[in-house]
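Please find below some comments on the model, set out as numbered points. They are meant to be read with the sequence and the coordinates open.

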Amino acid sequence: MRTTNGISARTLIADVKSGLVVFFVALPLCLGIALASGAPLVSGLLAGIIGGIVVGLLSGSHTSVSGPAAGLSAVVAAQILSLGSFSTFLMALLCAGLIQIGLGLAKGGFISEFFPSSVIKGLLAAIGVIIILKQIPHLVGHDPDPEGDMSFFQPDLQTTFSELISMFGDFQLGASMIGLASLVLLVLWDKWTPLKTSLFPAPVAVVLLGIGAVLWFEQLGDPWLIQPSHLVQVPVASDVTELVGLLPRPDFSQWMNPAIYTAGLTLAIVASLETLLNLKAVDRIDRQQRISPPSQELLAQGIGNVACGLVGGLPITSVIIRSSVNVNAGGQTKLATLLHGALLLVSVSLIPTWLNTIPLSCLAAILLMTGIKLASPALIKQMWAEGRYQFIPFVATLTAIVFTDLLIGIVIGLVVAIGFILNSNMRRPVRRFVEKHLGGDVVHIELANQESFLNRAALSQVLAEVPRHGRVLLDAQNTDYIDPDVLDLIRDFKEQAGPARGIDVSLIGFLDEYKFNDQIQYVDYSTRALQAALTPQQVLHILKDGHERARTGRRLTRDFTRQVRATAEGQHPLAVALSCIDSRTPVELIFDLGMGDIFSIRIAGNITSRKVLASAEYGCAVAGAKLMLVIGHTRCGAVSAAVKLLGSHLTAAEATGCQHLDAIVNEIQRSADGMTSQTSSEPSSTEALAIVDAVARNNVLRVVKEIRRQSRTLDGLVQERRLAIVGAMYDVVTGGIEFLVEDGLEETA
C-alpha cells in the first residue's frame, strides 16, 4: 500500500532504520562543527534540527540530509571573529538565507549542471578518505580534534596526519575496545546473512553496545573508565527556562552594518556552491538514481538558513557525510531525514543525559564504514579507465580536499577540471574532415552544439589550416547557440580572410537570427565539364568511394534544393545503373550519389531487354555516361522465384498469378543451368540461399556479356574506351559490394 510523498509500507521500515542511524551520526557532528566554528554548542544542534525538519519538508531530494556544514566551519569562525559576536553573525546568516531564497526563485540551481562529473566523484572519494583518516583517532579514544572538523590543518595546530601519529601515545583503553568491537560487529553484520537481512539496523546495535560497555566500564574503573571527553556532550538544561536561555538571538540593531551584507553574500555563495555539489554527489550514490531539483534545494536551504538566523543556529547545507550514511543505511525517502531531525529535537530536549553516555568511538566505527564505501578502489579503477581527462581532475579534487579543506579543495578541483575542459575544447572544439566531392576536396567543419567564446581560438586555428584556393563548408546544422565572438570570426573569414586566400566558403544550417544564408559554393553534382573530364576508371573510383562513405556512415553534405535548381535545365550523368527493383538496393543511396549523377534503370532481377537496352544506350551514347553498372544483390526475390520454378510444370503466371512474370523468370533461369542439380532434391534453407545467390551472381555476369552482344551501340563505346561495363553484387545483409567484372577497364586499370 502506497501513501503520499512516495512513502509506502515497504519503505517505512527502511526509512525508520536509516533515520535512527543518521541521528546517531549527526549528533556528535552537530556538536563538533559548532565547536570547530567557535559557536555555542546548541547552535550546531539547532542547525541539525532545522536541516532535518524544515529543509527536509521543503527539499525535493529523497536522500539528501541537511545540517551544519563542516566545510563552512572555517568561514563561520572567520566571520564571527570579523563581525565581533555570534549574535551579529546571525544577522549575516539571515541575509544569506534571503539571498539563497532569491537564487532558488530565480532558478539559479541550473549552475549545478556545469559541475564536471570528475569533480563530483573526486568529492565523494575525498570525503571517504577524510572520514577514514579523521575517524581512526576517534576509534581508539583519541579525541582532541572535534567531530566534524574536515580541514587538514586543525584549529589546535595539528594536521590530519600528525593526529594519526599522536594517537599512538594518547589512546583510551576502554574507548579503543568499544571502537574496535563496534567495527568487528559492523563487518560481521554485513557478512552474516541472518543479521544482514534482519530488521534491526547494525549501527543501532553498535550504539547500544557502546552504551552498555560505558556503563560496565564505570563499574570496572581505571583504566577502563571512559571520561566525558570521549563521550557525546550535549548541553544539559535543568528546566525549559534554562533551555530557552541557551538559544542565541540575532542582534537586529546591527542591520545598518554594511559588513553584515558582505558576510551574508559570502555565506550565501559558499553555502549554495557546497549544497549544489553535495546534492549532485548524493544523487550519484542514490541506489534509485533519482534526480533532485537544484533550484528547489536552494529555496529550501534559504528558508532553513533564515530559520537558523532567527533561532540561533549555524549555517546549513546539504551534507555529504549524513547523506552518505543515509544511503548506506538504506534510506528510501525524505522520511529518514525528517525522522533524524525529529529525534534530534526530542532527544536533546528530553534525554540529553542518556545521549551523553554514547561513546564517540562506536560512532567513529559507523562513520569509518561509510568512508570505506565512499572511497572504494572500484571508483578509482573506473576513473583510471576513463582516461586522463577524467582521472587527473578526479585525483586533483581528491588530493586538494584531503590536504586543505572541503571548499578550497573543490575550488582547486573545479579549476583543474575547467583547465582540462578548455584544453579539450582547444583540441577538439569542432569536427573537421575532408569530403571528396566531384568538384574536388572540401574541408567540412562541423560546429559544436554550443559554440561559446571558449571555442573561438580553436575554430580560428582550424580555419587558418584550410589550404589556399581550397573549399570549406561551415556546418551549423547541429548547433543551438553561437557566441557573438564566434559569429564575428565566421563573418570575417567568409567576407575577408577566406576570399583573400582564394578560399570558397560555404555555409549550411545557420539560424536566421545569425543573418547567414545557406550557400554551397562547391560542385556537389555532375556537370557537363566534369562529365567530359572523367574517364570510366575515374567514375568507377568515384562509385567505390561513395559506397565506402555510405557503408561507414560518412555521407557527403549536399544541398538538394540547389541541385534541383541546377539540374532543372539538363543532366550529365556519370553512370547508368541497371539494378533490381528490390527496396533495399537504391543505387543513389548505396553509392552516396547526388541528383543528376546517375541514370537508374530498375527492373526485377536486373535482366536485360530491348527496352532496358534502349534506356542504357540513351544514357551512355546521348547523355554521355562513362560507365554502365549491372548490380545484382543477394536474397533476390525474383531470382528465388525463378529457381523454385525450375523443373516445375507450372508457369510463373500460374504459380503466382502475375500475368507477365514469365518474361523475367525465363530470362533469369538462363543463368541457373546446372545449379540445382548439385544439391539434394530438398535443399536446406542455407543451401537454398546459397543457390539463389549463386544464380544472381551468374545472372550479373551473363547480363554484362548480353549487353555487348545485343547492343552494337554500347559495344562500340566500350571498344572506343569511352565506356566500361561493370558487374557487381550487393550484399543486403552486410551492405558490402563485390565487383565481379570490369569490361573495358582491363587495359587501362
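**Notes on the model**

1. Asp582 is buried, because its relative accessible area of 14% falls under the 20% limit. The model is a predicted one, and in it the side chain of Asp582 meets that of Arg584 in a salt bridge, with 2.8 Å from N to O. Arg584, by contrast with its buried partner, counts as partly exposed, at 40% relative accessibility.

2. A second pair has a similar description: Asp715 forms a salt bridge with Arg708, and the closest N and O atoms lie 2.8 Å apart. Asp715 counts as buried at 18% relative accessibility, whereas Arg708 is partly exposed, with a relative accessible area of 23%.

3. In the salt bridge between Glu720 and Arg722 the closest N and O atoms are 2.9 Å apart. Here Glu720 counts as partly exposed at 48% relative accessibility, and Arg722 is likewise partly exposed, at 46%. Elsewhere, Glu667, Arg670, Arg702, Glu706 and Arg709 are joined into one network by salt bridges that share partners. The count of salt bridges comes to 17.

4. On the surface, a nonpolar patch is formed by Leu215, Leu345, Val346, Leu350, Ile351 and Trp354, which together have about 590 Å² of accessible area. Helix H14, residues 335–350, contributes the largest share of this patch, namely three residues. Leu215 belongs instead to helix H9, which covers residues 202–220, and Leu215 counts as partly exposed because its relative accessibility is 37%.

5. The largest pocket has a volume of about 620 Å³ and is lined by 24 residues, of which Ala202, Pro203, Asn328, Ala329 and Lys373 lie nearest its centre. Several helices take part in the lining of this pocket: helix H1 (9–37), helix H7 (173–191), helix H8 (193–196), H9, helix H13 (320–328) and helix H16 (360–374) each supply at least two residues. H16 gives the most, with four residues. By residue class, the lining divides into 14 nonpolar, five polar and five charged residues.

6. Some backbone details deserve a look. Most residues other than glycine have a negative phi, and most peptide bonds are trans. Against that background, the peptide bond that joins Asp222 and Pro223 is cis, with omega about 5°, and Pro223 lies in the loop between H9 and helix H10 (240–245).

7. Lys515, although it is not a glycine, has a positive phi of about 60°. Lys515 is found in the loop between strand E8 (504–508) and helix H22 (528–533), and Lys515 is exposed, with a relative accessible area of 70%.

8. Asn606 is also not a glycine and has a positive phi, of about 40°. The loop that holds Asn606 runs between strand E10 (598–602) and helix H26 (610–622). Is Asn606 buried or exposed? Asn606 counts as buried, because its relative accessibility is 3%, whereas Lys515 is exposed at 70%.

Conventions. Residues numbered from 1 in each chain as written. Predicted model: local features only at pLDDT ≥ 70, side-chain atom pairs only at ≥ 80, totals over all residues. Heavy atoms only, no water. Patch = residues over 30% accessible without salt bridge, like charges linked within 9 Å, V, L, I, M, F, W, Y side chains within 5 Å. Areas by Shrake-Rupley, 256 points an atom, 1.4 Å probe, with all protein chains shown as cover. Salt bridge = Lys/Arg side-chain N within 4 Å of Asp/Glu carboxyl O. Buried < 20%, exposed > 50% of the residue type's maximum accessible area, 1.4 Å probe, protein only. 1 Å grid on protein atoms, 1.4 Å probe; cavity = no way out; pocket = protein on both sides within 12 Å on 5 of 7 lines; lining within 4 Å. Points joined across faces, edges and corners; volume = space filled by probe spheres on them. Nonpolar A, V, L, I, M, F, W, Y, C, P; charged D, E, K, R; others polar.
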